[in-house]
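Here is a friendly walk through one model, meant to be read with the viewer open. We will start from a single side chain and then move on to helices and sheets.

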Amino acid sequence: MRNRLCFSRVLLIVGFCSTVGRASLAADTEPPKIFLDKSPRIVAYQLGRLDDEHLLMVPRSTDDPKYIPVYEAIVARPAMAAGIRDEAFEALAKLRERSVAAELVATIGRLKVDDAEAKRLQTVLAKKLIAQPANELAKEIEGLRELADGDARESSVAMAALLAAGKSDLVNELSSAGSESMIARLRAIELLPSDAMKRRQRSMVENELKSANEDVQAAAIDALSKLPGPTSETFAALLRFVDHTTLRTDACRGLLRLPKAVYDPATAETAARSLVTFAEKTDAADRTSVEFIDSMRAVDRLLSIVEPDTAKSLRRRLREVAVRVVKIGTVEEEMRYDVPYFAVEAGRPVQILLENHDLMPHNLVVTQPGALKSVAMAGLSAGPEGTNGLPYVPDSPNVVAASAMIAPDATTRITLTAPEQPGEYPYVCTFPQHWYRMYGVMVVVKDLDAWNQNPIEPANPLGSNRSFVQAWTMDDFAGAFDSDLAGRSTMIGEKIFNEASCVGCHKVNDQGGVVGPDLTDVYTRWKSDHQAVLREILEPSHKIDSKYAMQTVLTVEGKTYSGIVIDENDDILTLVSNPEDKEPIVISQEDIELTKRSATSMMPKALMDQYTKEEILELMAYLKEAAEKKAAGNE
C-alpha cells in the first residue's frame with residue numbers, strides 16, 4: 001500500500017444526499033457468514049477480514065456468549081460511531097456480567113496503538129473510562145494496576161482512572177517507581193474529568209518542576225500550563241525556564257497556552273529580550289525547526305504587551321533573523337479554526353502555519369476584504385483540480401494567498417507579504433460548504449506594536465453578531481421537555497435554523513440544501529423522542545446513517561478520493577465528493593487498495609454553542625411542528 005496522499009487531485013467531501021438514493025450494502029447484500037463456533041483465533045480472523053459496514057451486518061445478541069467476539073471487534077474499530085460503540089460495551093458488560101468500566105480497561109489493554117486512528121480511539125476510550133462512576137472504577141484496581149504496567153499512554157490512562165476513583169495513594173506508589181512513571185502521572189492530569197480534580201494536582205506538579213530529571217521537568221511544565229488557575233502564578237513559574245537551554249521550548253509552549261491577560265508587562269519584557277538574544281545566536285539552519293518557531297511565537301506574544309517603543313526595537317532585531325509565524329489549527333469535529341483573528345503589519349512578511357487536527361481535509365485561503373463568500377463560491381466552481389494544483393482554490397484577484405488542501409494530522413505553511421493596505425482580510429476553508437463556519441480574519445495594520453496596545457476585534461466577515469454561550473451537553477437539558485415544547489414560536493425556530501447554517505445542508509418543508517438528510521420528518525423518525533432529536537443536534541457523530549458516512553478510497557496508484565458511496569458492485573465503486581458535482585466519480589474495484597469509513601459525521605458538533613438553551617428548544621419546536629404538519633398532510 002502506498003502511504004502518500006495525492007491531494008493535488010483529491011476529490012474531497014462534506015457530504016451528499018443523492019436524489020436516486022444509495023445502493024445500500026445492507027439492503028443488497030446478505031449478512032456475511034461467520035462461524036462463531038470456531039476457535040477464538042479463527043473467529044477473530046474472520047471478523048478481521050470484514051470492513052466496518054459488513055461487520056455491523058454480522059448477527060449479534062446479548063443472549064449468547066458466542067457473540068462476544070463480534071462486540072469486541074466493534075469496540076476496537078476506530079471508525080465506529082460513538083453510539084454503536086457504546087451499545088457494544090453495554091452488551092459486553094451484560095454478556096460477561098461485569099461493569100462497562102471493566103470492559104473499557106480490557107479493551108484499552110488489547111489495543112494496538114500503531115497509527116493516528118488507533119491513537120484517537122485510545123483517547124476516546126480513555127475519556128469514556130475516566131468518566132465512569134468512581135465506585136465502578138474503584139472495583140477495577142487490579143486491571144488498572146496491570147494497565148499501568150503497559151506503555152506510557154496506557155500508564156497515563158490507568159493513573160487518571162485511579163485518581164478519578166479517589167485512589168491517590170496508589171497513584172503515589174505507582175509514580176514513585178521511576179522517572180517514566182512520574183511522567184505518566186503528569187500526563188494523566190489533563191485526562192481528569194473535572195477542573196477540581198486537576199487543581200488538586202497543582203502542588204505535586206510544582207514540586208516536580210524542581211526534579212533533577214529534565215524529562216520530568218518538561219512534563220511538569222506541560223502539565224502546569226494546562227492546569228486551571230491561578231494562571232498568573234503559572235506565568236511566573238514558566239518564565240523561570242525561558243533561559244534554560246533544553247527546557248526553553250517547553251516553557252514557550254506553556255506560555256502560549258496561557259491567556260494573554262495574565263502576562264505581566266515588566267517580566268514579559270525581560271523574557272522577550274532573552275528570547276530575541278537566543279534567536280540572534282541560533283544558526284540560520286536551525287531557524288526553521290518547529291522548536292525555534294514555537295519560541296518565536298512566544299516572543300511575539302510577549303512583545304504584544306511590552307511598551308510600544310521597546311517592543312518595536314526588539315521586533316526590529318527579530319526581523320533580522322526570523323520571519324514572523326502565526327500558527328493556526330483546526331478543531332476536531334467542529335469545522336473551525338482555533339484562531340478567530342490575528343494581526344500583521346502592512347507590507348511585512350509573515351508565515352501562516354496550518355495544522356490539521358480534524359478528521360477531514362482542510363485548507364486556508366486569505367481573501368480580499370469582503371470577498372470571503374465570493375471566493376468560496378468560486379472555489380466550488382474551481383473544483384478538486386483548483387488552481388496551480390490547489391484544490392478548490394479559484395484563479396481570482398480576490399485570493400491573497402492560499403494553502404494546499406491537507407490531510408488529517410498534516411501541516412502546511414503559507415509565506416506571504418502582508419498587503420500594503422490596512423484592513424480586515426478574511427481567511428476561509430474553501431472546501432465545499434465549509435465556509436459557513438470555517439473562517440477568521442487577518443487584520444492588517446500600519447503599526448503592529450501600537451495595535452497590540454489597544455487591539456480591536458474585527459467584525460465577523462459574514463455579518464454574524466453571535467458569540468460563544470456554552471458548550472452544551474445532553475445533561476444541560478435535563479427536565480427541559482416536561483412541557484413537550486408547548487407554547488414556543490416556530491418562527492423563531494425557523495430563524496435559528498437559517499442563521500445556524502442548518503439550511504445550507506438540510507431541507508425542511510422542501511426548503512434548504514441537499515448535503516444532509518431532510519429534517520422535515522426527523523421527529524417522526526425518532527417517534528417524537530425529544531432526547532433522541534437533541535442528541536442528533538448536539539452529538540452528530542453519536543450515530544451516523546450509513547447513507548451519509550464519508551469514506552476515503554486509496555488506489556493502488558496512491559491517489560486518494562473522499563466522498564459518499566452511492567453505488568458499489570463487484571466491478572466499480574461510485575462516489576460523490578460534492579453536492580454540486582454534475583457527474584459522480586467511478587473507480588474500478590481493481591484499482592482500489594483500501595476503503596476506509598470515517599468515524600465522524602459530516603455535520604460539525606458545537607453548532608449550537610452560540611445559542612441559548614431557549615433558542616435550541618425553539619429550534620426543536622420548529623422541527624417538531626414540521627413533522628406534525630407533514631404527517632397531517634399525508635393522512
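Which residues does R202 touch, not counting residues up to four places away in sequence? They are L224, L227, G229, P230, E233 and T234. Please keep in mind throughout that this is a predicted model.

**Around R202**

R202 belongs to helix α14, which covers residues 202-208. With a relative accessibility of 11%, R202 counts as buried, because the cut-off for that label is under 20%. One of its contact residues also takes part in a polar contact: the R202 side chain comes to 3.3 Å from the backbone oxygen of G229.

**Two helices to compare with ideal geometry**

If you like to check helices against the expected rise, α7 and α19 are handy cases. The table lists the span between end C-alpha atoms beside the expected value.

| Helix | Residues | Number of residues | C-alpha span | Expected span at 1.5 Å a residue |
|---|---|---|---|---|
| α7 | 116-130 | 15 residues | 21 Å | 21 Å |
| α19 | 290-303 | 14 residues | 20 Å | 20 Å |

For α7, the reach from the first C-alpha to the last is close to expectation, and for α19 the two values agree.

At the start of α7, D115 places a side-chain oxygen within 3.3 Å of the backbone nitrogen of E117. Further along, which residues of α7 are buried? The buried residues are A118, R120, L121, Q122, L125, A126, L129 and I130. Their cover includes several other helices: α4 (68-75), α5 (82-96), α6 (100-110), α8 (134-138), α9 (141-148) and α10 (152-164).

Helix α19 is mostly covered, with 11 of its 14 residues buried. The buried residues include the charged-type names D294, R297 and D300, along with F292, I293, S295, M296, A298, V299, L302 and L303.

**The three-stranded sheet**

Helix α19 leads us to a sheet. Three strands, in the order β1-β3-β6, make an open sheet with mixed pairing. At its edges stand β1 (324-329) and β6 (411-417); each has a single partner strand, so one side of each is left without a neighbour in the sheet. From one strand to the next, the twist averages 20 degrees. Helix α19 packs on this sheet and touches β1, β3 and β6, with its direction at about 100 degrees to that of β1.

Within the sheet, β3 (residues 349-355) and β6 run antiparallel and are joined by 7 bridges. As a landmark for that pairing, L353 stands opposite R413 in β6.

**The five-stranded sheet**

A second open sheet has 5 strands in the order β2-β8-β7-β4-β5, again with mixed pairing. Its edge strands are β2 (341-345) and β5 (399-402), each of which pairs on one side only. Neighbouring strands here are turned by 25 degrees against each other on average, direction ignored.

Strand β8 (residues 439-445) is a good place to look at both kinds of pairing. Towards β7 (residues 423-428), the strands run antiparallel and share 6 bridges. G423 has V444 as its bridge partner in β8, and P426 has V441. Towards β2, the pairing is parallel, over 5 bridges, and V344 stands opposite V444.

Is β8 enclosed or open to the outside? Since 7 of its 7 residues are buried, β8 is largely enclosed by the rest of the structure. Both of its faces are covered: Y439, V441, V443 and V445 are buried on one side, and G440, M442 and V444 on the other.

Helix α21 (residues 372-382) lies across four strands of this sheet, namely β4 (365-367), β5, β7 and β8. The angle between α21 and β4 is about 135 degrees.

**Cysteines**

How many disulfides does a search of the whole structure find? The search finds 0 disulfides. Two cysteines are worth locating in the viewer all the same: C252 is buried, with a relative accessible area of 0%, and C429 is also buried, at 0% relative accessibility.

Definitions and conventions: Residues numbered from 1 in each chain as written. Predicted model: local features only at pLDDT ≥ 70, side-chain atom pairs only at ≥ 80, totals over all residues. Heavy atoms only, no water. Helix = DSSP H or I, 4+ residues; strand = E, 2+ residues; numbered from the N terminus. Buried < 20%, exposed > 50% of the residue type's maximum accessible area, 1.4 Å probe, protein only. Polar contact = N/O pair within 3.5 Å; in protein donor to acceptor, adjacent residues only side chain to side chain. Contact = heavy atoms within 4.5 Å. Expected span 1.5 Å × (residues − 1). Disulfide = S-S within 2.5 Å. Pairing = 2+ DSSP bridges. Axes fitted to C-alpha atoms, helices over the stretch in contact; angles between N-to-C directions.
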